[in-house]
Amino acid sequence: MTALKMIGIGLAAVLLGSTAVSAKTLVFCAEGSPENFTPALNTTGTSLDAARPVFDQLVEFERGSTTLKPGLAESWIISPDGKTVTFKLRQNVKFGATREFKPTRDFNADDVLFSFHRQSDEQNPYFKVSGGKYDYYNDMDMPKLLTSIAKTDDHTIVMTLSEPNVAILANLAMDFATIQSAEYADYLLKKGKPEQFDQVPVGTGPFVFASYQKDAVIRFKANPAYWGGKPAIDDLVYAITPDPTARVSKLKTGECQVAPFPRPADIPELQNDPNLNVLSQPGLNIGYLAFNAAKPPFDKKEVRQALSMAIDRKAIITQVYGQSGQMAKNLIPPTMWAFNDKVTDYPFDPAKAQALLKDAGVSGPLDIDLWYMPVQRPYNPDAKRMAEMMQSDLAKVGVNAKLVTYEWGEYRKRLQNGEATAALFGWTGDNGDPDNFFFFLGCIDGKPAASNVGKWCDPTFNANLAKARQANDQAERTRLYGEMQVIEHDQEPVLNIAHSLVYEPVRKEVVDFKMSPLSRQQFDGVDLK
């Protein structure tokens, strides 16, 4: 056995508090800490990745792709009018256990009802637990779309929709549609500890939650009764390592076997390491600068356009992304079928930017706050450096940008509350459908979605968003999305910066790890040599 493997196993034994070094232990160097372990409450990949080993959805994505497959629903039927979806549920599916809770029954329709009613029914006792914010469910207009959800027996669920929705199955494969244990929820409610439901998760997934030491380590055990078969890995450990240099160091010494989000500058060194495989693929993502259209003078599109022209994105791509970034002119990447290549990108033109600001009535220095993320994301490898470059560019046109950041969870909460003037943010697609990119600029009944951090609303944009969800013809959807890209470009609620190439280095002893185009971390099909 090599010294590197001994180091890796030794760390795993320490992390797990175990002397059974013969167990297969995979250590994943996670980039951040989860907010909690209930996917319905979260929108960030960091939190969703942390909960994913424990849970399943009715419909799931094939590992490493956007192809749908049966999950907890073994089959489904969509009615001819597209408004009714009937799911036949898988039988003999076991829930995991905790130190104090042992399930007394298998998964059934009641668990599906609970998981959706928690997000939709204000009378559900868990509706307000842990803050009660279900941004994904609401931003995707599920309260309006899902007219009812009912069971006809313990293994049949019927969803009734207010209108046809071509993306409904893909949407139900997303993390917000995770199925949790109704029995566990009832148990904790009777104990007077409902908040524990979101901190100590119980699911039907390939791994069982063991423990979480905040900001340090999450431990999972293989689920021996998993309906898809026991994972090859016995122990799965998330070693929380926010610093990218530390992640690289741990990967090279064998302290972890998988480490996401390397710095672009580190990639050549990683590619030359004989112990590593550096996987890569074009990301279904967008990094952008959001302007708060609810705060003057950013309520004027000319001001938003001016700042976009003042920022040298080519320099940002070179210095922040290196070979890993492609300048973006639309929200969706050019690899997606609805991409409108006829949109003409804004040039880098400081002189024109100054003229636009003057025409918009902005005289004298303009003071703004410019927020940057405290963490690396697939769409932005170094938000602080990017913000510093933007600050320098904006100063040249009379805009004084004060740089601001917060802890990641606080950052997102404050953005959603509309506190920022301008903020770096981004998105990685959840299901491969264009709707999943355009919805975060949407407005539901005239109110900005929670993910619409710039608080921008356009009635034509929203009308097209609704029409595209109902259209079965891809050509018609392409036309609608094409118009939306033109509107977004003209109104400039965000400055589209880059689509990134995503890298994920793994040690060569890892077998069959697959990168996800949706930037998911998934370990149920992974083995170790």
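Helix 14 gives the largest share of the lining of the largest pocket, six residues. This is a predicted model, and the pocket in question has a volume of about 710 Å³. Beyond the pocket, there are two nonpolar cores to visit, one of 124 residues and a separate one of 26, along with a good number of aromatic pairs, 34 by count.

**The largest pocket**
- In total, 31 residues line the largest pocket.
- Lying nearest the centre of this pocket are Glu35, Glu407, Gly409, Glu410 and Arg412.
- Helix 14 spans residues 408–416, and both this helix and helix 2 (45–51) supply at least two residues each to the lining.

**The nonpolar cores**
- Within the largest core, the residues that touch the most other members are Leu58, Phe87, Phe116, Leu289 and Leu424.
- Helix 13 (residues 383–395) brings six residues to this core, the largest share.
- Take Phe116 as a place to look: setting aside neighbours within four places in sequence, this phenylalanine is in contact with Tyr137, Leu146, Ile149, Met159, Leu172, Ala177 and Ile179.
- The second core stands separate, and Leu26, Phe37, Val502 and Val510 are among its 26 residues.

**Aromatic pairs**
- The count of aromatic pairs comes to 34.
- One of them joins Phe101 and Tyr187, whose ring centres are 5.3 Å apart with planes at 50°, so the pair is tilted.
- Phe101 sits in the loop between strand 5 (84–89) and helix 3 (109–120), while Tyr187 belongs to helix 7 (residues 182–191), so the pair ties together parts 86 residues apart in sequence.
- Phe101 counts as buried because its relative accessibility is 3%, under the 20% cut-off, whereas Tyr187 is partly exposed at 22%.
- Tyr238 and Phe523 make another pair, with ring centres 6.1 Å apart and planes at 75°, so this one is edge-to-face.
- Here the partners are strand 10 (residues 235–240), which holds Tyr238, and the loop between strand 20 (510–511) and strand 21 (527–528), which holds Phe523, so the pair ties together parts 285 residues apart in sequence.
- Tyr238 and Phe523 are both buried.

**An aromatic cluster and a charge over a ring**
- A single aromatic cluster takes in Tyr136, Tyr137, Phe176, Tyr288, Trp371, Tyr406, Trp408, Tyr411, Phe425, Trp427, Phe439 and Phe440.
- Tyr137 is a member of this cluster and is also in contact with Phe116.
- Tyr406, another cluster member, has the charged end of Arg414 over its ring, 4.3 Å from the ring centre.

Conventions. Residues are numbered from 1 along each chain as its sequence is written. This is a predicted model: local features need pLDDT of at least 70, side-chain atom pairs count only at pLDDT 80 or more; totals for chains, interfaces and linings use all residues. Side-chain values use heavy atoms; hydrogens and water are left out. A nonpolar core is a set of buried Ala, Val, Leu, Ile, Met, Phe, Trp, Tyr and Cys residues joined through side-chain atoms within 4.5 Å. Buried means under 20% relative accessible area, exposed over 50%, partly exposed in between (1.4 Å probe, protein chains only). Helices (H or I, at least four residues) and strands (E, at least two) are DSSP runs, numbered from the N terminus. Contact means heavy atoms within 4.5 Å. Rings of Phe, Tyr and Trp (its six-membered ring) pair if their centres lie within 6.5 Å; planes under 30 degrees apart count as stacked, over 60 as edge-to-face and the rest as tilted. A charge sits over a ring if NZ of Lys or CZ of Arg is within 6 Å of the ring centre and within 35 degrees of the ring normal. On a 1 Å grid over the protein atoms alone, a cavity is a set of points where a 1.4 Å probe fits but cannot get out, and a pocket is an open set with protein on both sides within 12 Å along at least five of seven lines; lining residues have an atom within 4 Å of a point. Grid points are joined across faces, edges and corners, and a volume is the space filled by probe spheres set on the points.
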